[in-house]
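Reader: Please take me through one part of this structure in close detail. I would like to look at a pocket and the helices beside it.

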Amino acid sequence: WDIRGAAAAARAILRLDLDLVHVQFAPSVFGFSRAIGLLPILLSKRISLIVTLHEYGVWSAHGLGGGVRSALWSAAERRGHADRETVLLARRADCVLVSSPEQLAVLRARIRNRAPAAIEVPIGLNVDMTSCGRSRARADVRRQLGAAPDSSLVAFFGFLHPEKALDRLIAAVAALRAQDLGIQLLLIGGAESHSVHSGAALELRQQLQHVAAAHGVRDQVHLTGYLPDADVCRLLLAADVAAFPLDAGVTRKSSSLLAALAAGLPAVATAPKGTVPVLSEVDGVLWVPPRDTTALSVALARVLSDRALARRLTVAGRARAATHSWESIVAVHAQVYARTLASHRAGES
């Protein structure tokens with residue numbers, strides 16, 4: 001996905017004689033190369049361009065001259081020339097789709113002049129929850145883990161990553177053992193992904209195992225690896241609370257959080273900076289500050305001990321998850337495509 005790769009992609013698109021191209025922009029998918037951002041000048045102007053920003057608002061200039069580079073990008077953004085993360089993709093798109101209000105705010109702040117149409121489209125569930133049955137999950141999973149039938153089970157779901165602060169989650173669960181000796185932690189998900197390759201993935205798993213051993217909970221922390229939907233459902237249904245302690249906070253674009261809420265799990269998650277007060281209940285989640293192991297442990301203890309709180313979070317979380325159906329997402333995309341193509345053709349006539 002360097003410049004030659006972007007040019008090759010453009011040539012392939014032109015050979016297909018397409019009317020519309022929809023780019024799913026996630027930096028990790030393109031090898032963290034911004035060359036794909038040159039696509040708009042490599043394509044025919046008759047082709048409509050839609051861009052979905054899956055990861056946005058996270059780029060920062062590092063190293064020597066980082067401050068100068070950031071200032072130059074800011075100047076280019078103010079003049080409507082380019083964007084520091086997507087280069088020309090967001091600037092030249094007929095329509096930009098974002099998955100969270102935080103991304104929309106960053107986009108509008110950066111591209112103030114002649115900004116493209118932008119729409120927030122909630123992300124959908126990343127797990128098929130229809131295959132799940134709750135009846136035997138709790139007992140079966142605890143038996144397989146060698147845990148007591150009444151022991152508490154905390155679950156994280158998603159790809160493992162250093163920025164997801166799973167070492168803090170292990171420490172927080174370890175701190176709760178004084179209250180619940182049988183407490184178990186499930187880290188559900190694979191370590192290898194677009195942003196964490198095989199060698200780094202193995203190292204990350206080993207680091208988490210070392211953290212668990214150092215806190216005396218090696219036998220209580222279970223790394224499942226990547227699992228099919230049915231197994232993920234079963235484990236989520238068996239758990240008592242879900243935890244998402246990301247360093248940067250959890251936004252609405254987290255489909256893993258949505259899956260936990262759809263499974264009826266009360267959730268504890270770190271709040272993005274400047275969003276909600278600490279330990280507040282919003283949409284089925286008890287929010288805590290990032291990078292605060294004590295607050296994370298306190299919040300988990302509250303959910304596990306306060307049945308009324310857990311019930312409120314469960315009801316609110318299911319209601320929120322129900323609004324993120326793939327049927328509604330498909331309908332929005334169909335409308336965007338039709339409207340974009342109609343506008344484009346009207347402009348050509």
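Author: Here is the second largest pocket, followed by two helices that help line it.

This is a predicted model, where local features need pLDDT of at least 70 and side-chain atom pairs count only at pLDDT 80 or more, while totals for chains, interfaces and linings use all residues. Residues are numbered from 1 along each chain as its sequence is written, and side-chain values use heavy atoms, with hydrogens and water left out.

Confidence comes before detail. The chain averages a pLDDT of 88 (the predictor's confidence in each residue, from 0 to 100). A score of at least 70 is reached by 93% of the residues.

Now the pocket. On a 1 Å grid over the protein atoms alone, a pocket is an open set of points where a 1.4 Å probe fits, with protein on both sides within 12 Å along at least five of seven lines. Its lining residues have an atom within 4 Å of a point. The volume of the second largest pocket is about 600 Å³, counted as the space filled by probe spheres set on the points, which are joined across faces, edges and corners.

The lining has 26 residues. Arg138, Asp240, Val303, Leu304 and Ala310 lie nearest the centre. By type, ten are nonpolar, six polar and ten charged. Here Ala, Val, Leu, Ile, Met, Phe, Trp, Tyr, Cys and Pro count as nonpolar, Asp, Glu, Lys and Arg as charged, and the others, Gly among them, as polar.

Three helices each supply at least two lining residues: α6 (137-145), α11 (293-305) and α12 (307-322). Helices are DSSP runs (H or I, at least four residues), numbered from the N terminus. α12 gives the most, with five residues.

Next, the helix pair. The axes of α11 and α12 come within 5 Å and cross at roughly 95 degrees. Axes are lines fitted to C-alpha atoms over the stretch in contact, and angles run from 0 to 180 degrees between N-to-C directions. The two helices are therefore roughly perpendicular (65 to 115 degrees). Arg302, Val303 and Ser305 of α11 meet Arg307, Leu309, Ala310 and Leu313 of α12, with contact meaning heavy atoms within 4.5 Å.

Conventions. Parallel < 35°, antiparallel > 145°, perpendicular 65-115°, else oblique.
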